[in-house]
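Some questions and answers follow on how the labels used for this model are reached.

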Amino acid sequence: MKAIVQDEYGSADALDLRDIEKPEIDDDEVLIRVHAAGVNIADWAIMNGLPYVARPVYGLRKPKNPVRGSDVSGTVEAVGAGVTRLHPGDEVFGESVGSFAEYATGTEGKLAPKPANLTFEQAAAVPMAGLVALQALSDHGDVRAGQKILINGASGGIGTFAVQIAKSLGAEVTGVCSTRNMDMVRSLGADHVIDYSHENFTQMNQRYDFILDNVANHSMSELRGALTPEGTLVPNGGGFDNHWFASGGRMINAYALKRFVSHKLRPFLVSSKFEDLVPLKELIEAGKVVPVIDRTYPLSEASQAIRYVGEGHTRGKVVITL
Ligand SMILES: NC(=O)c1ccc[n+]([C@@H]2O[C@H](COP(=O)([O-])OP(=O)(O)OC[C@H]3O[C@@H](n4cnc5c(N)ncnc54)[C@H](OP(=O)(O)O)[C@@H]3O)[C@@H](O)[C@H]2O)c1
């Protein structure tokens, strides 16, 4: 099968389109014929071997799994003896191992039936970004109808899902983005849009019950200053300038601070699970959430796709199609 392979950590130049063996599956795994694969900043980070603190998981000197990609949509080709819910021919979306390839493996706990009203290309855009948005708002933010909430980085992969999910929860949503993305963020349902190139939302005298920060361009105390006294902050973003910890440093700060402040600080790592893919699928099938796709690339141009995502200026999601 054709796959995007890397032998060592490095930039997108380290990625190579090659013919390799189809992956074999264990009893608890399924083999997926990949139709489309979503690209995340996590793929860019693993490609680079960042942050260093994650290397025991991904591989100390080189990636343990040489095929990049996790977000997937496709058709189940084969199932292991212990798999009960999925069957060959099922159309699925979710997290897999090595989705920048014609075949990937997965487990039924991280896959769900593909939303019936989406193409494979659209479905591949959903898993990681949709799950971060849903878990941030529902599990960690407990966002409810009537609350005033703000999404910093509303035009990106996570932000475009977060605006729509927050509206479906009945919140009054403010999205922060650049001038070129204001109309797009408004069209997703945002009640108010702040252009970060002209205004700084932390200095606008407006208080929010909940802030999802996908960007990390303000200090924790500036963000807390924009919250109501018992408001909730999910510090989700952060670049990779710190090669050792990346956004982990900001998360540790939030953990350390949270017992000393009235605000609820809720850093978290996304958990890819069937139980959360199903409500996402329901929101999508009800027409409340529509994935926003910025660009699509063929598998042979996966390195361009991942390089573009690494630049941090996508409008919604980037998808590789097969
Ligand atoms: N907690 C977790 O488990 C988890 C999982 C996945 C990802 N993440 C993190 O979530 C963050 C966001 O991920 P993503 O996939 O949504 O990123 P993304 O798709 O790359 O989003 C980038 C967006 O941010 C906007 N942006 C850049 N600077 C901004 C600013 N100063 N103010 C407001 N918006 C700005 C960009 O718009 P312009 O082009 O207009 O600047 C672009 O639309 C990343 O830091 C990632 O590491 C966390």
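Q: This is a predicted model. What makes the pairing of an oxygen atom of the ligand with a polar backbone atom of Thr314 a polar contact?
A: The two atoms are 2.6 Å apart. A polar contact needs N or O atoms within 3.5 Å, so this pair qualifies.

Q: Which nitrogen pairings of the ligand pass that test?
A: A ligand nitrogen is 2.8 Å from an N or O atom in the side chain of Asn236, and a ligand nitrogen is 2.9 Å from a polar backbone atom of Phe268. With the limit at 3.5 Å, both count as polar contacts. Of the 940 Å² of accessible area that the ligand has on its own, the protein covers 87%.

Q: How do you know that the ligand lies between domain 1 and domain 2?
A: Domain 1 (2-126 + 291-321) and domain 2 (129-265) both contribute residues to the shell around the ligand, so the ligand lies between them.

Q: How many residues surround the ligand, and of which class are they?
A: There are 26, and the closest are Ser178, Tyr196, Val270, His313 and Thr314. The shell has ten nonpolar, 15 polar and one charged residues.

Q: Why are Ala302, Ser303, Ala305, Ile306, Tyr308 and Val309 of helix 10 called buried?
A: Buried means under 20% relative accessible area, and these residues of helix 10 (residues 302-310) fall in that class. Their cover includes strand 1 (2-6), helix 1 (41-48) and strand 15 (317-321).

Q: What follows helix 10?
A: Gly312 does, with a positive phi near 80 degrees.

Note on methods. Residues numbered from 1 in each chain as written. Predicted model: local features only at pLDDT ≥ 70, side-chain atom pairs only at ≥ 80, totals over all residues. Heavy atoms only, no water. Near = heavy atom within 4 Å. Polar contact = N/O pair within 3.5 Å; in protein donor to acceptor, adjacent residues only side chain to side chain. Areas by Shrake-Rupley, 256 points an atom, 1.4 Å probe, with all protein chains shown as cover. Nonpolar A, V, L, I, M, F, W, Y, C, P; charged D, E, K, R; others polar. Domains from an automatic or database assignment. Buried < 20%, exposed > 50% of the residue type's maximum accessible area, 1.4 Å probe, protein only. Helix = DSSP H or I, 4+ residues; strand = E, 2+ residues; numbered from the N terminus. Contact = heavy atoms within 4.5 Å.
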